[in-house]
Amino acid sequence: MKPIILLFMILAGIFPCHASGTPEKTEDGKPVKFCGFLLEQEGRRQKITFNFLAFFSGKRIPFSPSTTEGLKITDSQGKRLRVSRIFVDPVLDPEEERKDNMGWNGAAAISIETDTPPSAQAAWVEISGHIPLLMTSEVRQAPVSGLTVNGEEIHFSLPEKKEIVGDNSVHIRARHYSASWGGPHLAWKLFIRAPDFFTIHSLSLTAPQRGNTPPASYKKFNSLRLFEKTLPECFVFNIPEEETTMQLHLSYFGNLQPEKLPIHCRVSLGGEIFQNH
């Protein structure tokens, strides 16, 4: 059964939360802006997602943490809501990429999910404590590997500190895919299984060198695309059927360091937001 969306409220970023620390302050003097919340229900289960936009200075980019510790959500009746997930999505800007800024304009969308509904009599929800973040400004290159369609997967380990990220291996495999654009043909589909924090900076497949002809390179990605640990992501490459093995070139963001983003705000379930100082 698909979840039923009971309430979706967008406040267009005009009601900021009070926060301090890592982010750079915006034009209205507030580093974190509340954008709204989403209330979903599937059967008897409810989930609330609180959405924020944060602004950061410099080239250090924030990513999703591997923990929710340090963040507290309580409703007006004193009920504690369990934080189930924190998702951080850096906002991609092609103009910044051309400036060699790793494609990032300094903004990041932050979603805080709770799987505990507030009390029926609750008038507001308070979010306090700090948002745990993983920050980096370093791009690393994965080993260049030969990838064979319908063959064995390739894998490599990420040199991250295990106490920060936990599981640190990336697995990639390629399968033929029946494509329909431009007429029926076989394409390649890549499946990437990786930890939650793993974020691709660029990805391309290069054909083997044949004589003096420059090798063809297919569908290069330059984006801050986040990957789910439990749901492998798929990429489709329109590669000629005669090619069975390609060279995989992959770069990713590494050297992730934990940081804390303080936050303290009170959200009215009736549609308003109140600052706490």
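Two strands pair if DSSP finds at least two bridges between them. The exercises below apply this to a predicted model.

**Exercise 1. Strand β11 and its partner**

Determine in which sense β11 and β18 pair, and which residue of β18 stands opposite S145.

Solution.
- Strand β11 covers residues 145-148, and strand β18 covers residues 245-254.
- Four bridges join β11 and β18, and the criterion asks for at least two. The two strands therefore pair, and the sense is antiparallel.
- The residue of β18 opposite S145 is L248.

**Exercise 2. The two faces of β11**

Assign the residues of β11 to a covered and an uncovered face.

Solution.
- In a regular strand, side chains alternate between the two faces of the sheet.
- In β11, S145 and L147 form the covered face, while G146 and T148 form the uncovered one.

**Exercise 3. Positive phi at two asparagines**

State the phi values of N150 and N255, locate each residue, and classify each as buried, partly exposed or exposed.

Solution.
- Most residues other than glycine have a negative phi.
- N150 has a positive phi, near 60°, and lies in the loop between β11 and β12 (154-157).
- The phi of N255 is also positive, at about 55°; N255 belongs to the loop between β18 and β19 (257-268).
- Partly exposed residues fall between the limits of 20% and 50% relative accessible area. N150 has 46% and is therefore partly exposed. N255, at 31%, is partly exposed because its value also falls in this range.

**Exercise 4. The surroundings of T116**

Locate T116, decide whether T116 is buried or exposed, and describe its contacts.

Solution.
- T116 sits in the loop between β8 (104-114) and β9 (124-136).
- Its relative accessibility is 18%. Buried means under 20%, so T116 counts as buried.
- Beyond its neighbours within four places in sequence, T116 is in contact with Q46, K79, R80, L81 and R82.
- For R82, a polar atom of the T116 side chain lies 3.2 Å from the backbone nitrogen of R82.

**Exercise 5. The protein as a whole**

Give the secondary-structure content, the buried share, the exposed area and the sequence range of the contacts.

Solution.
- The protein contains two helices and 20 strands.
- Of its 277 residues, 47% are buried.
- About 14,100 Å² is exposed, and carbon and sulfur atoms supply 50% of this area.
- Counting contacts between residues at least 6 apart in sequence, 68% join residues at least 24 apart.

Note on methods:
Residues numbered from 1 in each chain as written. Predicted model: local features only at pLDDT ≥ 70, side-chain atom pairs only at ≥ 80, totals over all residues. Heavy atoms only, no water. Buried < 20%, exposed > 50% of the residue type's maximum accessible area, 1.4 Å probe, protein only. Contact = heavy atoms within 4.5 Å. Areas by Shrake-Rupley, 256 points an atom, 1.4 Å probe, with all protein chains shown as cover. Polar contact = N/O pair within 3.5 Å; in protein donor to acceptor, adjacent residues only side chain to side chain.
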